[in-house]
Amino acid sequence: AGALERREFALVYQPIASLDSNRIAGFEALVRWQHPGLGLIAPLEFIPIAEKTGFIVPLGAWVLREACRQLKAWQDSVPGASELWISVNLSSLQFRSSTLVDDITEVLVECHLEPRSLVLELTEGIAMENPAAVRALLLQLRAIGVRVSVDDFGTGHSSLAYLRQFPLHSLKVDRSFVRGIEGNRDMASIVSAVTTMAQQLGLRVVAEGIEKEEQIGLLRALGCEYGQGYLFSRPIHADAA
């Protein structure tokens with residue numbers, strides 16, 4: 001908690017691009033911890049600890065507010081940025097909070113941000129913890145205009161057929177399926193099946209981990225609309241974005 005008060009956390013933003021136009025469509029907000037003694041600490045090191053201790057709740061609230069504030073600043077100052085969206089990851093503890101919808105509404109009002117500009121990302125694991133409760137919460141989020149995406153799709157145990165009960169907006173194909181897709185027919189078949197079913201359900205598809213030009217052409221041909229990865233940009237600070 002002291003690290004948050006001392007402003008040791010910062011957000012970086014990774015662009016999400018349209019694979020048709022190569023134009024930026026949105027950003028994923030990612031948190032970084034610059035420790036005064038240990039230097040830059042990777043999220044894989046501090047996020048599990050934050051979840052275990054419950055610190056992920058105030059940290060997640062800060063990430064949500066800061067990401068929405070930054071997107072609104074871009075929309076107001078950059079020509080053509082009004083349609084950009086910001087994706088923010090939710091932890092299981094945040095998702096189980098009884099005040100989540102009210103908290104999100106408060107942030108949107110405070111930042112003067114249109115609800116459709118915010119995309120909340122949850123993992124398959126969170127979605128499958130308690131499907132009935134998750135569906136009820138997602139309906140509340142849809143009612144206020146916020147969009148929800150399933151992150152790292154394909155790494156869990158659910159299927160698109162099962163996820164159709166949830167009012168989702170999009171899903172992200174995990175980078176493990178994108179890596180090497182240009183030389184692996186099996187991976188290409190998996191991505192094709194996912195994108196086909198997703199489109200039938202009216203979901204947007206974002207491919208993660210794009211690093212090569214050849215992957216863009218293949219993903220576009222397979223029906224992926226959006227992508228993110230080092231080929232477009234690494235996560236960068238707001239000024240650079």
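Which element gives the largest share of the lining of the second largest pocket? This report on a predicted model answers that question and then turns to the other pocket, the nonpolar cores and two backbone angles.

## The second largest pocket

The answer is β2, which supplies three residues of the lining, the largest share. The pocket itself has a volume of about 270 Å³. Its lining consists of Arg23, Ile24, Ala25, Phe27, Trp74, Val78, Pro79, Gly80, Ala81, Glu83, Leu84 and Ala241. Sorted by class, nine of these residues are nonpolar, one is polar and two are charged.

## The largest pocket

The largest pocket holds about 1,000 Å³ of space. It is lined by 38 residues, and those closest to its centre are Glu28, Leu30, Pro43, Ile47 and Asn89. Two or more lining residues come from each of the helices α2 (43–53), α3 (56–77) and α4 (92–95) and from each of the strands β2 (24–35), β4 (85–89), β5 (118–123) and β6 (147–153). By class, this lining contains 17 nonpolar, 10 polar and 11 charged residues.

The principle behind such a search is general: a probe the size of a water molecule, rolled over the atoms, shows where empty space is left.

## The nonpolar cores

The largest nonpolar core has 68 residues, of which Phe95, Ile104, Leu118, Leu171 and Leu219 touch the most other members. Helix α3 contributes the most to this core, namely eight residues. Another core, of six residues, lies apart from it and includes Ile16, Ala25, Val119 and Tyr226. Ala25 also belongs to the lining of the second largest pocket.

Leu118 illustrates the contacts of one core member. Leaving aside residues up to four places away in sequence, Leu118 touches Leu64, Cys68, Ile86, Val88, Ile104, Leu108, Val146 and Arg147. One of these, Ile104, is itself among the core residues that touch the most other members.

## Two positive phi angles

Most residues other than glycine have a negative phi. Arg7 is not a glycine, yet it has a positive phi of about 60 degrees. Arg7 is found in the loop between α1 (2–5) and β1 (9–18). With a relative accessible area of 75%, Arg7 counts as exposed, because this value is over 50%.

Asn22, likewise a residue other than glycine, has a positive phi near 60 degrees. Asn22 sits in the loop between β1 and β2. Its relative accessible area is 46%, so Asn22 is classed as partly exposed, the range between 20% and 50%.

Technical notes. Residues numbered from 1 in each chain as written. Predicted model: local features only at pLDDT ≥ 70, side-chain atom pairs only at ≥ 80, totals over all residues. Heavy atoms only, no water. 1 Å grid on protein atoms, 1.4 Å probe; cavity = no way out; pocket = protein on both sides within 12 Å on 5 of 7 lines; lining within 4 Å. Points joined across faces, edges and corners; volume = space filled by probe spheres on them. Helix = DSSP H or I, 4+ residues; strand = E, 2+ residues; numbered from the N terminus. Nonpolar A, V, L, I, M, F, W, Y, C, P; charged D, E, K, R; others polar. Buried < 20%, exposed > 50% of the residue type's maximum accessible area, 1.4 Å probe, protein only. Core = buried A, V, L, I, M, F, W, Y, C linked by side-chain atoms within 4.5 Å. Contact = heavy atoms within 4.5 Å.
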